[in-house]
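I opened this entry to keep track of what I looked up, in the order I looked it up. The notes follow the structure itself.

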Amino acid sequence: MATIAEAHFLEAKGFVRQYREHLSNFPTWEARAHAAEWLVFPENVGMHLGLDEVAISQGELYTVLTNKARHGKQGALVAIVKGTKAEIVSEALRRIPASRRETVQTVTRDLDASMAQMATTCFPNAQQIEDRFHVQQLVSEALQEIRVALRKEVLTEDNAQGKAARERGSHYQSPRYEMGIPTRRYWQEVATCCSRR
């Protein structure tokens, strides 16, 4: 509303106040008393739901339940609950009639145990699917750990061979990979490039 007011050269604060108190149905909105804690829209329940947590502002966490068939458009929001505690969120989600909750076939969620508990409690017939993003994130982290360990191992071995060659008074050349990149120089260039970024 403030953006609309500014676009029409109106005082934003006054316009927002007028809209909230007179033009909108906010003063008589039936959910007004609990809207800061939870909002549930049972009519938006579909067969495939997504359960996730979001930080809306200043680190406040909310649990959001969406209808995946709506693809983020009108009617996608099924519920939004302040916080991530399984008991509190489950209590709000149980406000959706049981007949509707039992029609849900899948709930896509992150890997958090409290999300699994919410899905099991509120949607007993639904198959739970772990969110692809979180699974990919775990795989990426594991690959990064392996890459770092292998890099450390190669550099340690290369340094040891270089030191042994210097002690013998001979010249040591790092082994080359198929691409012709010497081990030590390659990792030094990678480290330099990363530090620049």
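**Salt bridges**

I started with charged pairs and found R95 and E91 joined by their side chains in a salt bridge, at 4.0 Å from N to O. The model is a predicted one. I looked up the exposure of both partners: R95 is partly exposed, with a relative accessible area of 41%, and E91 is partly exposed at 47%.

How many salt bridges does the structure hold? I noted two. Besides the R95 pair, R20 and E21 meet through their side chains at 3.5 Å, N to O. R20 comes out as partly exposed, at 35% relative accessibility. E21 is also listed as partly exposed, at 40%.

**A buried arginine**

I then turned to R101, which I located in helix α4, residues 98–101. R101 is buried but has no salt bridge. Which side chain of opposite charge is nearest to R101, and how far away is it? I found E102, at 6.9 Å. A salt bridge here needs a nitrogen of Lys or Arg within 4 Å of a carboxyl oxygen, so I did not enter R101 and E102 as a pair. What the R101 side chain does reach is the backbone oxygen of I96, at 2.9 Å.

**Overall layout**

I went back to the whole chain for context. The protein has 197 residues, and 27% of them count as buried. I counted off seven helices and six strands in its secondary structure. Read from the N terminus, the order of elements is α-α-β-β-β-β-α-α-β-α-β-α-α.

**Strand β3 and its neighbours**

Next I followed the strands, beginning with β3, residues 61–67. Is β3 largely enclosed or largely open? Five of its seven residues are buried, so I wrote it down as largely enclosed by the rest of the structure.

On one pairing, β3 goes with β2 (residues 48–55) in the antiparallel sense, over seven bridges. I checked one position and found V54 opposite Y62 of β3. β2 and β3 form a hairpin with five residues between them. In that turn I noted Q58, which has a positive phi of about 50°.

β3 also pairs with β4, residues 77–82. These two strands run antiparallel and are joined by five bridges. For T63 the bridge partner in β4 is V81.

I stayed with T63, which is a residue of strand β3. Is T63 buried or exposed? I have it as buried, with a relative accessible area of 2%. I also looked for a contact of its side chain, and found that T63 reaches the backbone oxygen of G83 at 2.7 Å.

V81 came up again when I looked at strand β1, residues 38–40. β1 and β4 pair in the antiparallel sense over three bridges. W38 has V81 as its bridge partner in β4. My note for V81 therefore lists T63 and W38, with the limit that two strands count as paired if there are at least two bridges between them.

**Positive phi outside glycine**

I looked up backbone angles in the loops as well. F9 has a phi near 60°, which is a positive value in a residue other than glycine. I placed F9 in the loop between α1 (2–7) and α2 (12–23). F9 is exposed, with a relative accessible area of 78%.

H71 went into the notebook under this heading too, with a positive phi near 50° in a residue other than glycine. Where is H71 found? I traced H71 to the loop between β3 and β4. H71 counts as exposed, at 67% relative accessibility.

**A nonpolar patch**

Last, I looked at the surface. I found a nonpolar patch of about 600 Å² made by L111, V135, L138, V139, L143, I146 and L150. I picked one of these residues, I146, to check further. I146 sits in helix α6, residues 132–168. Is I146 buried or partly exposed? I recorded I146 as partly exposed, with a relative accessible area of 48%.

How values were computed. Residues are numbered from 1 along each chain as its sequence is written. This is a predicted model: local features need pLDDT of at least 70, side-chain atom pairs count only at pLDDT 80 or more; totals for chains, interfaces and linings use all residues. Side-chain values use heavy atoms; hydrogens and water are left out. Patches are made of residues with over 30% relative accessible area and no salt bridge: like charges are joined within 9 Å, nonpolar side chains (Val, Leu, Ile, Met, Phe, Trp, Tyr) within 5 Å. Accessible areas come from the Shrake-Rupley method with a 1.4 Å probe; for residues, only the protein chains shown count as cover. Helices (H or I, at least four residues) and strands (E, at least two) are DSSP runs, numbered from the N terminus. Buried means under 20% relative accessible area, exposed over 50%, partly exposed in between (1.4 Å probe, protein chains only). Lys and Arg count as positive and Asp and Glu as negative; His and the chain ends are not counted. A polar contact is a pair of N or O atoms within 3.5 Å; within protein, one must be able to donate a hydrogen and the other to accept it, and residues adjacent in sequence count only if both atoms are side-chain atoms.
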